[in-house]
Amino acid sequence: MEINQAIFQGSFTKTEVPVGNAPVEFAFIGRSNVGKSSLINMLCRTKGLAHTSSTPGKTQCINKFLVNGKWIITDLPGYGFAKVSKTLRARLEVMIHNYIQRTPQMVLLVVLLDCRHPLQKIDLEFLLKLGSWQIPYALVLTKADKLSKTALQKQTEQFKEALSLYWEPLPPLFAVSSKTASGREELLDYMGSVLEENG
Ligand code: GTP
Ligand code: MG
């Protein structure tokens, strides 16, 4: 699959009531600073489409982009960012959880994990929630350019091992770099296959 056009549709702070004929959507989520907005820009080949920042907690709204005039990419706020107030963190968590559970047109949730760290408790807990809510998801290891090929392979195996304690079969797993665009085609092709299934 290729992305030819991506247009910013709007920023939302509240869960929208899903509309019957809303276009199918792919939502992106993961810990703060993991590289969600950068990945969206890389996939859409448009710098600055989604706002990125080296300061965690940049995305605090639900941002939507219309892709190829047909389907939606959603940039969700990151979870688990310790440096915002407890109240804001709780508010974002409720917003994220509500959104995920109440968006039936979301055909895939792309969950991002930093390839440099082992599977974190907060990510595992989040993934287990997705399991209990029966949300279809795929995992994407980000910032692959920061590891050597061998180290990335080793980390990928470790993720798989950790996940295999909970999932059989394992969820789809990709490694990407928004800096070099490695992994772009594989992820887009997978998204394309999900689109076809839900077409
Ligand atoms: P929040 O919106 O705060 O939750 O963050 P986010 O997950 O959207 O992360 P964002 O895309 O803003 O990226 C965070 C930082 O990581 C920025 O400084 C990016 O430049 C950097 N970054 C993101 N992806 C990559 C990557 O693939 N490689 C490298 N080297 N840096 C990356
Ligand atoms: Mg962001």
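Two strands pair if DSSP finds at least two bridges between them. In this predicted model, strand β3 (residues 62-67) meets that condition with β4, since 5 bridges join the two, and they run antiparallel. Within this pairing, Lys64 stands opposite Thr74 of β4. The two strands form a hairpin with 3 residues between them.

On to the wider sheet. The strands make up an open sheet of 7 members, in the order β1-β3-β4-β2-β5-β6-β7, and the pairing is mixed. Its edges are β1 (6-12) and β7 (173-175), each of which pairs on one side only. From one strand to the next, the twist averages 25 degrees.

Strand β4 deserves a visit of its own. In the strand order, β4 sits between β3 and β2. Its partnership with strand β2 (residues 25-30) rests on 4 bridges, and these two strands run parallel; here Glu25 has Ile72 as its bridge partner in β4. The side chains of β4 divide into two sets: Trp71, Ile73 and Asp75 point one way, while Ile72 and Thr74 point the other way, and all are buried. Because 5 of the 5 residues of β4 (residues 71-75) are buried, the strand is largely enclosed by the rest of the structure.

Further along the sheet order, another parallel pair is formed by strand β5 (residues 106-114) and strand β6 (residues 137-142), with 6 bridges joining them. One of the facing positions in this pair places Asp114 opposite Thr142 of β6.

A few backbone details in the loops invite a closer look. Most residues other than glycine have a negative phi, and most peptide bonds are trans. Asn68, in the loop between β3 and β4, has instead a positive phi near 50 degrees. With a relative accessibility of 21%, Asn68 counts as partly exposed, because the buried class is reserved for values under 20%. Arg45 also has a positive phi near 50 degrees, and is found in the loop between α1 (36-44) and β3. The relative accessibility of Arg45 is 62%, so this residue counts as exposed, the cut-off being over 50%.

The peptide geometry brings one more item: the bond from Glu168 to Pro169 is cis, with omega near 0 degrees. Pro169 lies in the loop between α4 (149-164) and β7, and β7 is one of the edge strands of the sheet.

Technical notes:
Residues numbered from 1 in each chain as written. Chains lettered and ligands numbered in written order. Predicted model: local features only at pLDDT ≥ 70, side-chain atom pairs only at ≥ 80, totals over all residues. Heavy atoms only, no water. Buried < 20%, exposed > 50% of the residue type's maximum accessible area, 1.4 Å probe, protein only. Axes fitted to C-alpha atoms, helices over the stretch in contact; angles between N-to-C directions.
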